[in-house]
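User: I would like to learn how to read a sheet and the contacts between chains in a model of several chains. Could you take me through it step by step?

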Protein chains: 4
Amino acid sequence: MESQPRVTVWNEYRHERLDAKLGALYPEGIHGAIAAGLRAHGLTQVRTATLDEPEHGLSAEVLAETDVLTWWGHMAHGEVSDAVVARIYERVLDGMGLIVLHSGHDSKVFKRLMGTSCQLHWREAKDHERIWVVAPGHPIAAGLESHLEIGPEEMYGEHFDIPAPETLVFISWFSGGEVFRSGCCYTRGNGKIFYFRPGHESYPTYFNADVRRVIANAVRWAAPTGGPTPTPRPNYTPSAPLEPMAGA
Amino acid sequence: MESQPRVTVWNEYRHERLDAKLGALYPEGIHGAIAAGLRAHGLTQVRTATLDEPEHGLSAEVLAETDVLTWWGHMAHGEVSDAVVARIYERVLDGMGLIVLHSGHDSKVFKRLMGTSCQLHWREAKDHERIWVVAPGHPIAAGLESHLEIGPEEMYGEHFDIPAPETLVFISWFSGGEVFRSGCCYTRGNGKIFYFRPGHESYPTYFNADVRRVIANAVRWAAPTGGPTPTPRPNYTPSAPLEPMAGA
Amino acid sequence: MESQPRVTVWNEYRHERLDAKLGALYPEGIHGAIAAGLRAHGLTQVRTATLDEPEHGLSAEVLAETDVLTWWGHMAHGEVSDAVVARIYERVLDGMGLIVLHSGHDSKVFKRLMGTSCQLHWREAKDHERIWVVAPGHPIAAGLESHLEIGPEEMYGEHFDIPAPETLVFISWFSGGEVFRSGCCYTRGNGKIFYFRPGHESYPTYFNADVRRVIANAVRWAAPTGGPTPTPRPNYTPSAPLEPMAGA
Amino acid sequence: MESQPRVTVWNEYRHERLDAKLGALYPEGIHGAIAAGLRAHGLTQVRTATLDEPEHGLSAEVLAETDVLTWWGHMAHGEVSDAVVARIYERVLDGMGLIVLHSGHDSKVFKRLMGTSCQLHWREAKDHERIWVVAPGHPIAAGLESHLEIGPEEMYGEHFDIPAPETLVFISWFSGGEVFRSGCCYTRGNGKIFYFRPGHESYPTYFNADVRRVIANAVRWAAPTGGPTPTPRPNYTPSAPLEPMAGA
């Protein structure tokens, strides 16, 4: 593992350019706010990429140099090319970490890695969100208190159609009466995946100190660990036996 | 739940017709042997379907009347139409059980539901396979002893590129020196999925009494339980709050 | 598995006798209300046992004839004899199901089976509780809607110091701002365990139709399945090899 | 987290002193071999403690200065005082890591933390052991190949009566025909626990390069992460609501 994982912060970057109010909230884009938060937590190798760059800023070269990719998308999931999605998917299986944020639940790559619809219930009504830590010993909860006060946010409610997380780190409470599994860890191939709920484009969530801490923790947790190369895909070659075979 | 789940046993049904030796081993096809095993275990609503039937025998009507689908395929995964795969996938998320057998690990629908490559190491060399029960209290292990003696079989070895099973019921030992996670439970949406390793086309595995018992147990375990309807896919309608909203 | 599991409903049965108001709420005791709910859901082999009976009503004979034990205790956890706790513990490892209700989180037997403190945060303040289904395909959620409206209840809040559940079925929302993992499945040895949160003695929770349904579902889910006998405890006898040993 | 976790390597240290042949195998004791392996992997804060020291070398002071404890015991589990066991148990819930080695499966503290018998099948017959990596992306598998060749070892076979691991990292293959879940991760309270199978006293297992790497990896993985303080035990104080309460 790199002591300093190489992070690429990906953002759709449409809302901020299309809506002046949202642009004022995130003058450097949502990606800029997330990258600044990572740098403030001591991560030094942070770059950004956005949808409207060539190959969405995620060429094979960029991904090959990326240890952890963070993903924010919302209104243009369908515009992400299948080729780039396949490239990210393969990199995750090979060990790249992936942090999926908020409306990224509906992205092509997250749904492909989860194997479910990843749909949920939702409401834009300035609910108050409070996020409870249910796995306090997990590295992603390092430095937190018992809960995070998020403030006004879009509501996401259960049932959230995901596979049961390997580790559930956070659960959200919403003032309108719902709960949500807000911090969900997965492994796919050699890659670690973390889904983190908060971050609707109309709230300054990515300036929240605790949210920034969680994303930085998640990046460090998801960085590749240098284990054995996963099974080749597809695997055309039979294995030689490791023991004498009676019939051989 | 139906006290008698409606089972559809699906088989590629090519090996048995193309190779006389395999045809002699499974004169009613692999599907015929599996269906007979289920009926011997008291399941009364069992039908079969095969690749070369129209819509592979899996029309919307057939799937709507199927509580649990069992899947055996090997040489023709690529010939299964994407439309039928999508139909099965949606039915699983809605609650249909799916039992994936042996080389079905590389089927389109299993890979889509898992979100990984599902590749593995393998060898056709008459290894001896012995399957150990590691979850003796699980319904799929009902009526078994500590292990199943399978006899000569194709070897499947780790690393098996699957998500960590929600419950691991079986682990295989192979005489050539490998191990394999052989009985793996998953939930996707409202649907239960069980992967069961043994059953290469050149061995009479589906006549093995313990193998038949496991598949029958798995069918009963995977039958739908009648819980709440999962989140609509895609979910376009916002939720009304359940509590008075200060700002509303 | 018995098609009709033999259920023993255990209750501390002190609050109802010491406090007239609580006695009026549960004139047949909390155990009486739970047993009535099980019978209303078609379970025919239901008996009850209470703390102040000899051996707390849980003699070796009674436990030997019990497939599933439900447990409600609160003010007198310390009075449950260690011998009876050990007897229950051994029966669970051998396959008896155990349904732990509400304040039973602090019982000796639950803490012994969990291996953690099982402590939590709490408040008696007529919070409103709403329980969300997060595993809609699980047998314990059969017949439910997306959530259960419980009404006024004691609050239990995170962090709940339990091992991560093998399956998390329910999450509670409380009007005071907390969430709680309310429906938690475990396996210990051959035994299945379900913890279900609601049921403070001062509320008529065990007359709630959905709560009754959940407990009945849980009893059926936790009934023994007849798998292989677990490893003898303690295990003094070495195993004979199953393969020829080179050095033997 | 300390960049250098403070490790205490605990050993029963009886076999090596009672049996000259075993003493010759481990001239510095099993603890000496384990500690040397950790130091060779760059861990600088490593001390040892043994059964026959006062308080087994595990005073409150020592444990307060221990981030990760490794445990090897076999013939004298019963001589470990209940007071020291309780002290270790509480420290684990508060966040200390615990690495349990080989016959430590039957130690008081492991059984208390697991909540099961932790019994297994076994044979001393110079089986060949090979350990397969089934979670190649896990930090404990860092730097390994697809499998570890252990050589002659005591056999441990399934069923191993443990709770299903939160993450299963390794599975052992034995030449006598058995398999075993050999690398098992758990969380209890804020503490991380790793059980690692190999290491019978009559084999030079703790000099094996891969075994040493695994233990060093496990120590780094299990070091505390500095999350929120777990729920007080026992928790006598009710929580104040975080939202306005209608009835308050």
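Analyst: What follows is a reading of the sheet of one chain and then of two interfaces, and it concerns a predicted model.

User: In which order do the strands of the sheet in chain B lie, and what is the sense of the pairing?

Analyst: A sheet is read from neighbour to neighbour rather than along the sequence. In chain B, 9 strands make an open sheet with the order β2-β1-β3-β4-β9-β8-β7-β5-β6, and the pairing is mixed. Its edges are β2 (46–50) and β6 (147–157) of chain B, each of which pairs on one side only, while the twist from one strand to the next averages 25°.

User: How many bridges join β5 to β6 in chain B?

Analyst: Strand β5 of chain B, residues 121–133, pairs with β6(B) over 9 bridges in the antiparallel sense; within β6(B), Leu148(B) is the residue that stands opposite Ile131(B).

User: Which strands of chain B does helix α5 lie across?

Analyst: Helix α5 of chain B (residues 82–94) lies across β3 (68–72), β4 (97–101), β8 (179–188) and β9 (191–196), and runs at about 115° to β9(B). Helix α7 of chain B (residues 209–222) runs at about 165° to β9(B), and the strands that α7 lies across include β1 (7–11) and β7 (167–174).

User: Turning to the interfaces, what area do chain C and chain A bury between them?

Analyst: An interface is best read by area, then by residues, then by polar pairs. Chain C and chain A bury about 1400 Å² between them, with 70% of it on carbon and sulfur atoms, and each of the two chains brings 17 residues to the contact. On the side of chain C, Trp132(C), Trp173(C) and Val179(C) lose the most area to chain A, together 35% of what that side buries. Between these chains the count is 0 salt bridges, whereas 6 residue pairs are in polar contact. Strand β7(C) gives the most to this side of chain C, with 5 residues.

User: How many residues of chain D are in contact with chain C, and what area is buried there?

Analyst: Here 43 residues of chain D meet 43 residues of chain C, and the buried area is about 3100 Å², of which carbon and sulfur atoms give 53%. Trp122(D), Thr231(D) and Met245(D) supply 18% of the area that chain D buries against chain C, more than any other three residues. The rule finds 0 salt bridges across this interface, but 26 residue pairs are in polar contact. The largest share of the side of chain D that touches chain C comes from β5(D), with 6 residues, and by class that side has 19 nonpolar, 15 polar and 9 charged residues.

Notes: Residues numbered from 1 in each chain as written. Chains lettered and ligands numbered in written order. Predicted model: local features only at pLDDT ≥ 70, side-chain atom pairs only at ≥ 80, totals over all residues. Heavy atoms only, no water. Pairing = 2+ DSSP bridges. Helix = DSSP H or I, 4+ residues; strand = E, 2+ residues; numbered from the N terminus. Axes fitted to C-alpha atoms, helices over the stretch in contact; angles between N-to-C directions. Contact = heavy atoms within 4.5 Å. Buried area = accessible area lost by both parts, 1.4 Å probe. Salt bridge = Lys/Arg side-chain N within 4 Å of Asp/Glu carboxyl O. Polar contact = N/O pair within 3.5 Å; in protein donor to acceptor, adjacent residues only side chain to side chain. Nonpolar A, V, L, I, M, F, W, Y, C, P; charged D, E, K, R; others polar.
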